[in-house]
Every structure is written in C-alpha cells, then in structure tokens.
Amino acid sequence: VLVSNTPGVLHESCADFTFGLMLSVARNITFGDRQIHAGEWKVFDQIPYLGTDVHGATLGIIGMGLIGTAVARRARAFDMKVLYFSRNRKPDVEDQLGVQWRPDMDAVLRESDFVSLHVPLTPETAQIIGKRELDLMQAQSFLINTTRGPTVDPVALYEAVKSGGIAGAALDVTDPEPIPFDDLLLTLPNVVVSPHISSASSATVKKMGMLTAENIIGALSGTPMPSCLNPEAASSR
C-alpha cells in the first residue's frame, strides 16, 4: 500500500493563524467581541479591555520546523526577540532570522512573553506542557498552541490561567477535540479557542487537495508520486 501526505503546503497559513491567535488573546480582540455580542459594551471605556503589546515582546518557539520558522519570520515584522528550542539546532535559521537557540525548553519557557508550540504529537511530546512547565512561565506570558491538543495538559492549563500563573492562552487544538461545551477552559475570559482551523485557508485547502489528487494519479498510473512516504513499496506492485 502506497502512502502519501501533503508536505510543504500549510505552514504559511498556520503561521498566519498563530499570529492571529497571539494578537487576539493579547489584545483582547476575542474578549471584546464577546462583550459586544453579549450586550455588555454600553459606554466607551477602554480600561476593561487593556491588553498586552505583541511588538517588541519575546517569543519562544518550541519546535523549529517549517511552521515554527514561518512564525519566526513573521515575528521580525513585530520587532520581537525570538528564542527557540527544537530537537535539532537550526544554525541556518539563526543566521537568516536572528533567532536564538536555547539548549533546553525550560529556558524558553522562563524567558518568553509568548510561548508557541510547533511540535508533532509523539509519545515524547504528549503533555509536553504540564503543571511543571506552566509554573516556569511568567505571570504576564501567554501560551499559544496550534499543534495538537494532547501536547498540553488541559487541567494544568486551566489552573495556571485561573490562578494568574500565566496571563492567558490561545488554542486552535484541544484535548479532547472537539472541546466539550462544559469544559472549564471555556469559562475563562482570557482563553481563546478556535476549531482546529489554522491551516484552513481556501488557498491552502485547494493546494492540499491538488497534491492529494496528484499522489493518487501517480499511484494508479505507476508514475512518480509527488510525496510518497514509502516509495520502496512501489517496486513490489
């Protein structure tokens, strides 16, 4: 059985969305929208909506793959200091984008105003962010997750945000997924949750569909597949 995927297609859209989440939770965009829809915005008063600047802040990236690198590239436009921890150090990305490597994740958590997760879900990364890791973060910092829900312990995250251990969180993924309507995270005004849509731009979905179709055509016609994960299987067909 030939197996394929759609690599190199969605990282730019996911990076855009990461910054959308970051701005939304830091600048109270979603909170303000909720207040208006609930009929709570009755006078012009900015104080209840005071947020945190993104520009000039320190961004910590956990996982410097295609998406993490695309996020770091966007951070330059916000004049952010970018730290990262990844399984493999990326000197080329450091040279191109001026990002700074840290030898362990703890250092990134301690130093960052925003921590953005960009790791695959594996046994090693399951609940990579738990109570211990959240305790390392600063009280004014935010957690952004566009990777997979089980990389974060949801109970520990709720406690950290509720107690003021961190300033808030923005999640495109949850555990479980979809998130239950009665999940305690949804009761917190400084938590933003979106329905796993970081790659869901019309252009990206079209590119993914086209690449999938090209892989299928290649498999059925015996011609090379653009992104075959097990090309050795073709020789036995």
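For the lining classes used below, Ala, Val, Leu, Ile, Met, Phe, Trp, Tyr, Cys and Pro count as nonpolar, Asp, Glu, Lys and Arg as charged, and the others, Gly among them, as polar. The views are taken from a predicted model.

**Figure 1. The second largest pocket is lined by residues that include Arg27 and Gly51.** The space in this pocket comes to about 270 Å³. Its lining consists of Arg27, Asn28, Gly32, Asp33, Ile36, Trp41, Phe44, Asp45, Gln46, Tyr49, Leu50 and Gly51. Sorted by class, the lining of the second largest pocket holds 5 nonpolar, 4 polar and 3 charged residues.

**Figure 2. The largest pocket offers about 890 Å³ of space.** Its lining is made up of 35 residues, and those closest to the pocket centre are Ile67, His118, Val119, Pro120 and Thr147. Two or more lining residues come from each of helix 1 (11-26) and helix 3 (66-77). Helix 3 contributes the most, with 3 residues. By class, the lining of the largest pocket has 15 nonpolar, 16 polar and 4 charged residues.

**Figure 3. The largest cavity has a volume of about 80 Å³.** Rolling a probe the size of a water molecule over the atoms shows where empty space is left. The count of cavities of 30 Å³ or more is 1. The residues lining the largest cavity are Asn145, Gly149, Val152, Pro154, Leu157, Leu171, Val173, Thr174, Asp175, Ile179, Asp183 and Leu185. Of these lining residues, 7 are nonpolar, 3 polar and 2 charged.

**Figure 4. The strands form an open sheet with parallel pairing.** The protein chain has 8 helices and 7 strands. In the sheet, the 7 strands follow the order 3-2-1-4-5-6-7. Strand 3 (100-101) and strand 7 (191-193) stand at the edges; each has a single partner strand, so one side of each is left without a neighbour in the sheet. Strand 4 (residues 114-117) pairs with strand 5 (residues 142-145) in the parallel sense, over 4 bridges. Within this pair, Phe114 has Phe142 of strand 5 as its bridge partner.

**Figure 5. Strand 1 (residues 58-62) is mostly covered.** Of its 5 residues, 5 are buried. Thr58, Gly60 and Ile62 point one way from the strand, Leu59 and Ile61 point the other way, and all are buried. Strand 1 runs parallel to strand 2 (residues 81-85), and 5 bridges join the two. One of the residues involved is Thr58, whose bridge partner in strand 2 is Lys81.

**Figure 6. Glu94 of helix 4 (residues 91-97) makes a side-chain contact with Tyr84.** Glu94 has a relative accessible area of 15%, under the 20% limit, and therefore counts as buried. A polar contact of 2.6 Å links the side chain of Glu94 to the side chain of Tyr84. Leaving aside residues up to four places away in sequence, Glu94 touches Tyr84, Arg89, Val99 and Trp101.

**Figure 7. Helix 7 (residues 154-163) has buried residues, among them Ala156 and Val161.** The full set of buried residues in this helix is Ala156, Leu157, Tyr158, Ala160 and Val161. An α-helix has 3.6 residues a turn, so residues three or four places apart point the same way. The cover over the buried residues of helix 7 includes helix 6 (131-136), strand 5, strand 6 (168-171) and strand 7. At the N-terminal end of helix 7, Asp153 acts as a cap, with a side-chain oxygen 3.0 Å from the backbone nitrogen of Val155. Just after the helix, Gly164 takes a positive phi of about 85°. Leu157 of this helix is also among the residues that line the largest cavity.

**Figure 8. The C-alpha trace of the protein chain spans about 65 × 40 × 35 Å along its principal axes.** This view places the close-ups in the chain as a whole. The protein chain has 237 residues, of which 44% are buried. Among contacts with a separation of 6 or more, 67% come from residues 24 or more positions apart.

Terms used:
Residues numbered from 1 in each chain as written. Predicted model: local features only at pLDDT ≥ 70, side-chain atom pairs only at ≥ 80, totals over all residues. Heavy atoms only, no water. Buried < 20%, exposed > 50% of the residue type's maximum accessible area, 1.4 Å probe, protein only. Polar contact = N/O pair within 3.5 Å; in protein donor to acceptor, adjacent residues only side chain to side chain. Contact = heavy atoms within 4.5 Å. 1 Å grid on protein atoms, 1.4 Å probe; cavity = no way out; pocket = protein on both sides within 12 Å on 5 of 7 lines; lining within 4 Å. Points joined across faces, edges and corners; volume = space filled by probe spheres on them. Pairing = 2+ DSSP bridges.
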